[in-house]
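Visitor: I should like to go through this model with you, point by point. Please show it first.

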Amino acid sequence: MNLQNGFLMYELAKRLFKIPRSITGNGVRDTLSILKETCPLLKIYEIPTGTKVFDWEIPKEWNIRDAWIKDPDGKKIIDFKENNLHVMGYSLPIHGKIGLDKLLDHIYTLPENPGWIPYVTSYYKERWGFCMSELQKRSLQAREYEVFIDSEFKDGSLTYGEIIIPGEASPEKEIFLSTYVCHPQMANHELSGPCVAIYLAKWLQARQNRYTYRIAFVPETIGSIAYLSRNIEKMKERVEAGFVITCAGDTKTYSYLESPYANTLADRAARNILKHHASGYKTYSFLERGSDERQYCSAGVRLPVCSVMRSKYGEYPEYHTSADDLSLISAEGLEGSFELYSKILLALENNHKYKGKCACEPQLGKRGLYPTLSMAGSAFAVRDMMNFIAYADGENDLIAISDITGVSVEKLTEIAEQLVKSELLMYA
Ligand SMILES: [Zn+2]
């Protein structure tokens with residue numbers, strides 16, 4: 001494994017870690033403008049507060065500058081600048097003195113993991129709150145505390161990013177990648193997604209691609225709904241396969257979340273590559289969905305989208321807590337996801353249908369394709385070639401033939417090129 005991209009992705013995650021992101025606001029803008037440094041094709045869009053997006057409405061923009069709790073001696077015992085998970089997302093502004101009884105109504109902890117701060121938001125109900133570890137809460141005394149949240153709600157906008165990399169052979173057909181930029185200070189379940197996605201964009205930009213690539217960086221849920229509301233018609237016509245990139249940074253077993261019927265081109269490509277390169281991966285059905293595939297695969301949208309992850313959201317203990325920090329992800333974990341996704345995309349790029357040019361088995365010997373010397377492995381090479389030819393009937397694509405024969409798409413791509421060059425196969 002060449003870890004060069006892995007280290008760069010990890011450095012990028014470090015840089016983005018402390019930006020206080022939410023579903024709207026400057027945290028999203030700052031994050032996108034840093035991502036743009038890696039792939040300048042990234043365009044940033046704003047949708048104004050109040051805009052109807054399907055059944056939803058773009059909320060007021062929320063920004064936060066500072067927040068703390070001081071004890072009666074004036075000592076800060078909770079400081080947003082130390083960890084931005086300390087403030088409940090979308091908290092109302094507040095400044096005042098408050099007794100412990102009342103303060104406790106506004107405090108959220110995680111008693112089962114007493115050292116961790118939970119991630120809590122209140123997007124659609126107006127309230128304020130602080131999040132802290134259970135241990136910090138237990139150390140509070142029956143005294144008066146000063147609370148301060150310097151936040152602001154205003155008519156502003158929701159921000160998202162988009163990269164379009166035009167394809168050459170089939171520019172009207174698209175592969176769609178989506179990731180989200182809306183969680184504060186968390187690493188696997190937030191930053192691993194945009195870091196892998198932006199490096200995939202950079203890699204795709206440097207290649208000649210068959211497909212056009214559409215890559216969205218959106219706040220989860222409201223952002224993907226808003227994105228679809230602007231692009232759904234075009235996407236329904238064009239998107240051949242898509243992936244939600246999230247939870248891509250640890251080194252644990254890979255996870256695959258199916259589309260509703262697990263039968264799209266995206267599912268087939270993901271399963272094929274996982275089988276050959278990530279043995280032992282876990283499969284989750286669409287019933288266990290949780291990220292933006294909820295929108296992309298909903299009944300009225302039904303884009304061919306699935307998701308390949310490492311530890312899936314909701315399935316690891318650090319999820320949505322302060323323990324999902326930079327120690328949970330690594331260059332190796334990010335690189336693994338990057339390489340797996342690039343293999344999936346290459347499988348799609350090379351996924352043609354082929355048709356044999358002659359009836360019956362062709363004579364390989366006269367074309368120099370049959371080894372005249374019998375060596376270990378040569379019989380297998382011939383068998384792979386003959387199997388490919390046997391299934392190249394114009395109906396099966398490369399991924400289907402790989403699934404039937406058990407030979408990897410990478411190897412079949414080489415065989416296909418050789419057979420096309422020898423004029424035994426043609427593109428169907
Ligand atoms: Zn989340």
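The questions below concern the metal site, the enclosed spaces and some individual residues.

Guide: This is a predicted model, in which local features need pLDDT of at least 70 and side-chain atom pairs count only at pLDDT 80 or more, while totals for chains, interfaces and linings use all residues. Residues are numbered from 1 along each chain as its sequence is written, and side-chain values use heavy atoms, with hydrogens and water left out.

Visitor: Which residues coordinate the zinc ion?

Guide: Donors are N, O and S atoms within 2.8 Å of the metal (3.2 Å for Na, K and Ca), and sites may look incomplete because water is not among the atoms. Along the chain the donors follow the spacing H-x5-H-x130-H. At 2.0 to 2.1 Å, the zinc ion is coordinated through NE2 atoms by H183, H189 and H320.

Visitor: How many residues apart in sequence are the parts that H189 and H320 tie together?

Guide: Helices (H or I, at least four residues) and strands (E, at least two) are DSSP runs numbered from the N terminus. H189 belongs to helix α5 (residues 187–205), whereas H320 is in the loop between β16 (305–309) and α9 (331–349), so the parts tied together by this pair are 131 residues apart in sequence.

Visitor: Is H320 buried, exposed or partly exposed?

Guide: With a 1.4 Å probe and protein chains only, buried means under 20% relative accessible area, exposed over 50%, and partly exposed in between. H189 has a relative accessible area of 2% and is therefore buried. H320 has 23% relative accessibility, so it counts as partly exposed.

Visitor: Where does the largest pocket lie with respect to the domains?

Guide: On a 1 Å grid over the protein atoms alone, a pocket is an open set of points with protein on both sides within 12 Å along at least five of seven lines, a cavity is a set where a 1.4 Å probe fits but cannot get out, and lining residues have an atom within 4 Å of a point. The largest pocket has a volume of about 240 Å³, and of its 17 lining residues the closest to its centre are Y119, Y123, H183, E220 and T221. Domain bounds come from an automatic or database domain assignment. Since domain 1 (4–59 + 157–349) and domain 2 (62–154) both contribute to the lining, the largest pocket lies between them.

Visitor: What is the volume of the largest cavity?

Guide: There is 1 cavity of 30 Å³ or more, and 14 residues line the largest cavity, with R21, W62, N84, G89 and P184 nearest its centre. Domain 1 and domain 2 both give residues to this lining, so the largest cavity lies between them. A volume is the space filled by probe spheres set on the grid points, which are joined across faces, edges and corners; for the largest cavity, the volume is about 100 Å³.

Visitor: What is the phi of Y90?

Guide: Most residues other than glycine have a negative phi. Y90 is in the loop between β5 (76–79) and β6 (94–99), and counts as buried at 2% relative accessibility. Its phi is positive, near 65°.

Visitor: Is E423 buried or exposed?

Guide: E423, in the loop between α12 (409–421) and β19 (425–427), is not a glycine, yet has a positive phi of about 60°. Its relative accessibility is 54%, so E423 counts as exposed.
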